[in-house]
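Subject: Structure handover

Hello,

Here is the structure for you to pick up. Please load it before reading on, since my notes go residue by residue.

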Amino acid sequence: MANKKATVFILNVANSMSKVFSTALTVMTENIEDKVMSGRKTDMVSVLLAGTPETYNVLNDTTPDQYERITSMCPISQPNLDLLRRIQNISTSSEETPPADVLDAVIVATQVIRDHCKHLKYEKRIIVITDNHNRIDWLDLKDVAGILQDINAQLTVIGSDFDLVVEHDCPEEIAENYTNWKRLIEESGTGGETMTLEEAHVITQEDVAKEVRPTPAYRGYLYLGDPHKSEHVLGIPVFMFLRTKTISLPSGHKYSAHSSGPSHKVEPSIMYKVNNDANVNAGLTSFSLGDADEKVIEDKSRLEQAFRFGKTAILISRDEVISNKFTSKKELTVIGFIDKKDFKRHYLHSNAYILMNANTHSLEAAKGLAAFAKALYDEQSCAIVRYVQKDDGRPRIGILEPEDIQGEHDVEYLLQYFDLPFAEDIRDYKFKSTPDEKVSDPKCIQLMDDLVDAMDLGSTMEGNDFLTPEYSFNPIFWRFQRAIKNRALNPDAPIPDIKDSFKCQFQVHPSFKETAGEYSERLASLLNVRKVIDKGKEKRKYNAMDDMAEPETRMNIDDLIGNAKSSQRGPLYTPAAPGDTQSSSSSKSKLYTSGMITHVGLISPVEDFYALLNQPSEEDNVDFAMNSMCKAINTFLEKTFRNENFAQVIKCLKALRDVAIKEEAALNYNKQMREIKQWCNPTNKASNRYELWELLKKESLGLMTNEESEDIDNVNTTKAVADKFWNTDEEDEHALIEKVNNTQISNSNQDTGGFKISDLDELEDSDDDDN
């Protein structure tokens with residue numbers, strides 16, 4: 001049965017608490033925050049406020065004019081963030097509001113516990129945070145103590161002025177209230193306590209490991225002998241409990257910042273159901289999903305199991321699964337024994353478990369288990385066991401290791417269990433040895449020995465208790481929890497730094513710094529240790545690449561035409577051979593001449609883009625390279641989170657625009673810009689995508705006009721069209737393009753523009769005249 005807890009906090013909000021109210025509120029908030037963080041449904045709380053202007057509690061409803069100025073914030077339930085936020089808004093009452101009788105609040109708390117817990121088994125506790133300046137009616141003290149004893153509730157009283165009791169000039173009212181609180185706790189006999197507010201605040205700031213209810217991982221017998229093959233077997237009833245387990249950091253959930261509205265429900269089109277007795281009894285109508293087409297499978301035996309093999313489902317019949325299922329029985333059986341000195345430490349690769357005697361024949365089991373553990377300890381041996389946690393469970397091979405601990409009266413012996421690795425679990429790497437004569441030098445060995453002695457933790461003020469696991473808390477786990485708590489109440493709260501008490505885990509002990517530093521310097525001098533200069537991460541290199549150089553992507557007309565005097569029907573130019581260093585791409589090959597690039601990647605897209613353009617090829621690489629760059633840009637946009645890829649997209653677009661101008665490929669560039677405009681959706685200025693639209697404006701990365709590029713396919717993109725591109729109304733841009741298309745572009749002689757073969761002939765004739 002779960003260990004249920006019910007805690008009622010009583011906070012005095014009278015005006016007399018004003019000076020210490022912030023500390024009192026912190027003490028209560030810290031306690032409730034820990035309960036919210038643990039997320040246990042069985043750890044419940046209720047909050048009562050004493051001294052409020054209004055009255056709202058269970059006893060005032062049944063007995064009017066009684067238990068006034070006491071307000072219940074919530075019934076006993078699992079605490080949540082909403083309760084914490086309401087607590088943050090609590091403040092003290094005004095001076096005109098009379099204080100409440102805090103003892104009445106305790107009586108209300110007992111009734112709240114009685115109504116919720118009834119006669120069920122709960123760990124009940126009442127925590128009162130108050131001062132003692134106001135009068136309390138103690139006539140019912142014995143009756144209240146009897147109620148606390150009847151419901152078995154522990155009372156803890158935290159007084160903001162309890163520290164004044166030890167002083168000789170302590171006010172009479174404070175001394176009387178303190179004495180009566182002590183009497184109430186003692187007469188109840190439930191083990192309560194009193195403490196000052198400062199002590200309670202210090203306790204809330206201390207680090208405490210999460211309380212874990214002991215749950216046996218194994219309930220069964222430890223067998224000496226094979227219980228399946230032999231009748232002469234010794235079985236000791238044992239429980240196995242976890243002793244160590246790595247705690248995991250709080251898990252995060254995926255959250256999309258791109259979503260501008262609520263998500264929609266996914267409606268199935270077809271839903272299959274199995275018509276069996278269980279579904280009939282539960283009511284099939286309770287599983288109805290809107291207008292989905294329901295298909296009922298009458299015969300459940302028609303369903304078969306399928307197992308994933310890549311993206312293919314492999315069918316294995318149910319009969320085959322059952323007939324070939326591995327069967328095993330729950331057991332912890334000793335297989336044999338080995339010497340402890342022969343066992344390798346790195347084989348202990350699992351959590352540690354401890355064996356305890358079970359409830360069945362507990363006295364005999366305790367004697368048998370202790371005798372077995374002492375025998376192993378005296379013989380310095382370990383037991384190899386076969387462990388099956390439950391019937392038909394996965395069998396494991398483990399080891400039982402003896403340990404001696406100091407008990408109350410004498411040394412006690414216990415057994416620890418560890419899983420042993422299989423061959424697939426061992427990483428037995430082989431490393432090359434680097435022998436050095438200096439390492440075996442006696443002087444070097446002596447210096448290292450002195451360094452170890454100088455850093456012996458036993459010589460420190462803390463002794464061997466320094467950094468012991470029982471008192472060394474996980475700093476990263478604490479930081480995660482603290483950050484989540486702070487952000488829950490304040491979304492703008494900064495991420496806290498590592499706590500000062502944890503920083504000793506990252507530093508050398510102060511007493512070692514001087515002596516250890518001296519030995520370290522002498523060792524470094526003897527072994528000729530030199531500091532390695534950090535050169536940083538190397539960038540991706542290409543042969544003769546100059547990152548600052550402007551890539552030359554435009555070809556010279558002389559290289560294109562050459563001096564060949566071919567016929568009118570012959571080729572205009574001959575593609576250069578791959579090995580020809582004087583080819584048309586000679587200027588670009590200086591930038592990228594390393595390995596072949598097949599596409600524009602996401603690590604260095606601009607470099608890959610120029611590499612594709614400069615690779616030797618008998619075909620034109622411009623279209624392929626630009627299409628590959630456009631795909632990379634689209635991938636950046638698809639995978640971006642908030643604005644993390646926007647800077648990379650701007651760099652890619654600059655390179656794409658530069659090449660489009662020089663290679664007369666403005667049509668491809670303008671098509672990509674229109675797609676990006678659709679992705680940005682400039683009409684929604686609240687979206688994160690609008691930030692990219694503003695960057696495009698800032699960098700003037702709009703449409704390429706027919707004045708900027710000589711691409712004949714881009715004659716319709718005038719400056720007016722390019723200016724309209726920045727408008728959010730796409731219809732204006734399309735209308736203007738249509739207007740340009742309907743206008744005939746011609747010169748004064750009605751001669752259309754273009755390049756003719758005769759122009760090339762005239763050029764060749766002029767070359768002959770010059771020669």
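Below is what turned up, grouped by type of contact and then by single residues.

One caveat up front: this is a predicted model.

**Salt bridges**

How many salt bridges does a search of the whole structure find? It finds 21. Three pairs are described here in detail.

Start with Lys485 and Asp34. Their side chains meet in a salt bridge, at 2.6 Å from N to O. This pair links distant parts of the chain, with the two positions 451 residues apart. Lys485 sits in helix α12 (residues 475-489), and Asp34 sits in helix α1 (residues 21-38). Is Lys485 buried or exposed? Lys485 counts as buried because its relative accessibility is 11%, and the cut-off for buried is under 20%. Asp34 has 41% relative accessibility, so it counts as partly exposed.

Next, Asp723 and Lys719. Their closest N and O atoms are 3.4 Å apart, and the two form a salt bridge. Both belong to helix α21 (residues 719-724). They are four residues apart there, so about one helical turn separates them. Asp723 is partly exposed at 43% relative accessibility. Lys719 is partly exposed too, with a relative accessible area of 49%.

There is also a network to look at. Glu30, Glu33 and Arg482 are joined into one by salt bridges that share partners.

The third pair is Lys341 with Asp339. Here the salt bridge has an N to O distance of 3.9 Å. Lys341 counts as exposed, at 69% relative accessibility. Asp339 is partly exposed, with a relative accessible area of 34%.

**Aromatic rings and charges over them**

The structure holds 17 aromatic pairs. One of them is Trp693 with Phe725, a tilted pair. The ring centres are 5.6 Å apart, and the planes make an angle of 50°. Why does this pair tie together separate parts of the sequence? Trp693 lies in helix α20 (residues 690-698), while Phe725 lies in the loop between α21 and α22 (730-741), so the parts being tied are 32 residues apart in sequence. Trp693 and Phe725 are both buried.

Phe725 has a further contact. Lys677 lies over the face of Phe725, at 5.1 Å from the ring centre. A similar entry concerns Phe239: Arg219 lies over the face of that ring, at 5.3 Å from its centre.

Which tyrosines do ring pairs link into a cluster? They are Tyr218, Tyr353, Tyr387 and Tyr417.

**Helix packing**

Look at helix α16 (residues 605-614) against helix α18 (residues 646-662). The two pack at an angle of about 20°, and their axes are 9 Å apart. α16 and α18 are therefore roughly parallel to each other, as angles under 35 degrees count that way. The crossing in which α16 passes α18 is right-handed.

**Contacts across the sequence**

Met673 is in helix α19 (residues 666-680). Met673 is buried, with a relative accessible area of 0%. How far apart in space are Met673 and Cys630? The distance is 9.7 Å, C-alpha to C-alpha, for two residues that are 43 residues apart in sequence.

Pro171 and His133 give another such pair. They are 38 residues apart along the chain, and 8.6 Å separates their C-alpha atoms. Pro171 is in the loop between β5 (153-159) and α6 (172-188). With 38% relative accessibility, Pro171 counts as partly exposed.

**Backbone: positive phi**

Two residues to check here, Arg69 and His361.

Arg69 is not a glycine, yet its phi is positive, at about 60°. Arg69 lies in the loop between α2 (58-62) and β3 (70-77). Its relative accessibility is 23%, so Arg69 counts as partly exposed.

His361 has a phi near 45°, again a positive value in a residue other than glycine. The loop that holds His361 runs between β14 (353-357) and α10 (362-379). Is His361 buried or exposed? His361 is exposed, with a relative accessible area of 57%.

That is the set. Over to you.

Best wishes

Methods:
Residues numbered from 1 in each chain as written. Predicted model: local features only at pLDDT ≥ 70, side-chain atom pairs only at ≥ 80, totals over all residues. Heavy atoms only, no water. Salt bridge = Lys/Arg side-chain N within 4 Å of Asp/Glu carboxyl O. Buried < 20%, exposed > 50% of the residue type's maximum accessible area, 1.4 Å probe, protein only. Phe/Tyr/Trp six-rings, centres within 6.5 Å; stacked < 30°, edge-to-face > 60°. Lys NZ or Arg CZ within 6 Å of the ring centre and 35° of its normal. Axes fitted to C-alpha atoms, helices over the stretch in contact; angles between N-to-C directions. Parallel < 35°, antiparallel > 145°, perpendicular 65-115°, else oblique. Left-handed = near helix turned anticlockwise from the far one by under 90°.
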